[in-house]
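User: I have a model open and want to learn how to read its features. Can you take me through them?
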Amino acid sequence: MGIKIKNIQYYTPKTSFSNDYFLDHFEKQGLDISGLLKVTGRESRYISEDFHENSLTMAIEACKKVIANSNIDVKDINSVVFVSTTPEYLSPTNAVKIHNALGLSQNANAYDMNGNCAGMIIAFDQVCRTMQSNNRIKYSLLVGSDLLIRFSRKSEAITYSNFGESACAVLLENIDDNSSNFIDSSSYVDSNLSCYINFPPEGFSKVLPVEEVTPKDNRIIEWIDFDTDDAFASSVDSIHEILARNNLTKNDVKLYCLSQFAKKNIDMIQNALEEPDYKFPFVGDRFGYTGVTSPFMALADSVENGKLNPGDHVILWTVGAGVVASCVLLKY
């Protein structure tokens, strides 16, 4: 069986915030974050000001868009996978609520997954491999969504000024031939860094009020400064590995859709690969760092702007807290 990307769509909140807002916000705290914004490449980011909007509602909107643009019967969707670092619910799963909102068939599976910022690539890998081994799955709906600003401390620049909010939905189709968008995957884990990003900072067991527990502060997501260079450098090894394993070279790659965490990191990977900059779409200047959807936003934007043709090879790579890095090779 072959797996095709039938359609990919994204949703962002209505309000876009420019750098000026965050420069002024932190200047009032005596902080100059202009250097940080230059390194990350930010210019604007979408942030929800609607208290009723959350990762689930954004995911539903992205799913509605991808279905509206796909000309399919929703009853043929046999799998729904929701990926988020900031899920609205732990029980029932958000995927079940998406299933209900879209009116999907009972002959389906629905579950949530959390791989932090690497989660959507990890889920893409797993969903494609499951579909390849099960031809009863006609379509799978994979949707990632993160609402990170709402959980960020307003005095912590790396999260509050860097993140943006979005949902991205990918409709995958099982086709009865040997061609496939999904080709291969690779991963890297350095669990020595698992203490630097925590959400919640002291675990869910400390979220509920207990007399003996006095919270340190009101922050819900915690980022402690640490060096990400090794994690991003691992991308080069993964890319070389996955290309060699599939008898391809860098010349065969049309685009590298990478983590949009910081423009500096993309430039570092580009220089290490000795590839031209036009192969590395950067959308973080417009959308901010959107967490789990990050590389897929770069892919969706490239599709939307006609930068890919059928048969083009694409590499998606990103890194999640802990750290876990994931790489996928596609043929569009």
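User: Which residues of helix α8 (residues 263-273) are buried?

Analyst: A residue counts as buried when its relative accessible area is under 20%. This is a predicted model. In α8, the buried residues are Asn-265, Ile-266, Ile-269, Gln-270 and Leu-273. They take up an arc of only 140° around the axis, so they sit on the same side of α8.

User: What comes after α8?

Analyst: Look at the backbone there. Glu-274 follows α8, and its phi is positive, near 55°. Glu-274 is a residue other than glycine. Its place is in the loop between α8 and α9 (284-287).

User: Is Glu-274 buried or exposed?

Analyst: Exposed means over 50% relative accessible area. Glu-274 has 67%, so it is exposed.

User: Where else should I look for a positive phi in a residue that is not a glycine?

Analyst: Go to Asn-71. Its phi is about 55°. Asn-71 lies in the loop between α3 (55-68) and β4. It is exposed, with a relative accessible area of 76%.

User: Which peptide bond is cis?

Analyst: Read omega for this one. The bond from Ser-91 to Pro-92 is cis, with omega near -5°. Pro-92 lies in the loop between β4 (77-83) and α4 (94-102).

User: Back to helices. Which residues of α1 (residues 19-27) are buried?

Analyst: Asn-19, Phe-22, His-25 and Phe-26 are the buried ones. Looking down the axis of α1, you find them within an arc of 130°, so they line one face of the helix.

User: What covers the buried residues of α1?

Analyst: Check the contacts, meaning heavy atoms within 4.5 Å. The cover includes β2 (16-18), α2 (34-40), β3 (44-46) and α6 (157-160).

User: Which residues are exposed on the other side of α1?

Analyst: Asp-20 and Glu-27 are exposed there. Take Asp-20, which is found in α1. Its relative accessible area is 57%, so Asp-20 counts as exposed. Its C-alpha atom is 9.1 Å from that of Ser-44, and the two residues are 24 apart along the chain.

User: Now a loop residue. Where does Leu-248 lie?

Analyst: Leu-248 is in the loop between α7 (229-245) and β11 (253-258). With a relative accessible area of 17%, Leu-248 is buried.

User: What does Leu-248 touch?

Analyst: Set aside residues up to four places away in sequence. Leu-248 then touches Leu-243, His-313 and Leu-329. Leu-248 and His-313 are 65 residues apart along the chain, and their C-alpha atoms are separated by 9.5 Å.

User: Let's zoom out. How many helices and strands are there in the protein?

Analyst: The protein has 10 helices and 13 strands. Its radius of gyration is 19 Å, close to the 20 Å that the globule rule gives for 332 residues, so the protein is as compact as a globular protein of that length. The C-alpha trace spans about 60 × 50 × 35 Å along its principal axes.

User: How do I read burial and contacts for the whole chain?

Analyst: Start with burial: 55% of the 332 residues count as buried. Then take the contacts with a separation of 6 or more. Residues 24 or more positions apart account for 79% of these.

User: And the surface and charges?

Analyst: The protein exposes about 15100 Å², and carbon and sulfur atoms supply 47% of it. For the charges, compare mean positions. Those of the 29 positive and 42 negative charges are 4 Å apart.

Note on methods: Residues are numbered from 1 along each chain as its sequence is written. This is a predicted model: local features need pLDDT of at least 70, side-chain atom pairs count only at pLDDT 80 or more; totals for chains, interfaces and linings use all residues. Side-chain values use heavy atoms; hydrogens and water are left out. Helices (H or I, at least four residues) and strands (E, at least two) are DSSP runs, numbered from the N terminus. Buried means under 20% relative accessible area, exposed over 50%, partly exposed in between (1.4 Å probe, protein chains only). The radius of gyration is taken over C-alpha atoms; the globule rule is 2.2 Å times the number of residues to the power 0.38. Accessible areas come from the Shrake-Rupley method with a 1.4 Å probe; for residues, only the protein chains shown count as cover. Lys and Arg count as positive and Asp and Glu as negative; His and the chain ends are not counted. The place of a charge is taken as NZ of Lys, CZ of Arg, CG of Asp or CD of Glu. The arc is that of the directions from the helix axis to the C-beta atoms.
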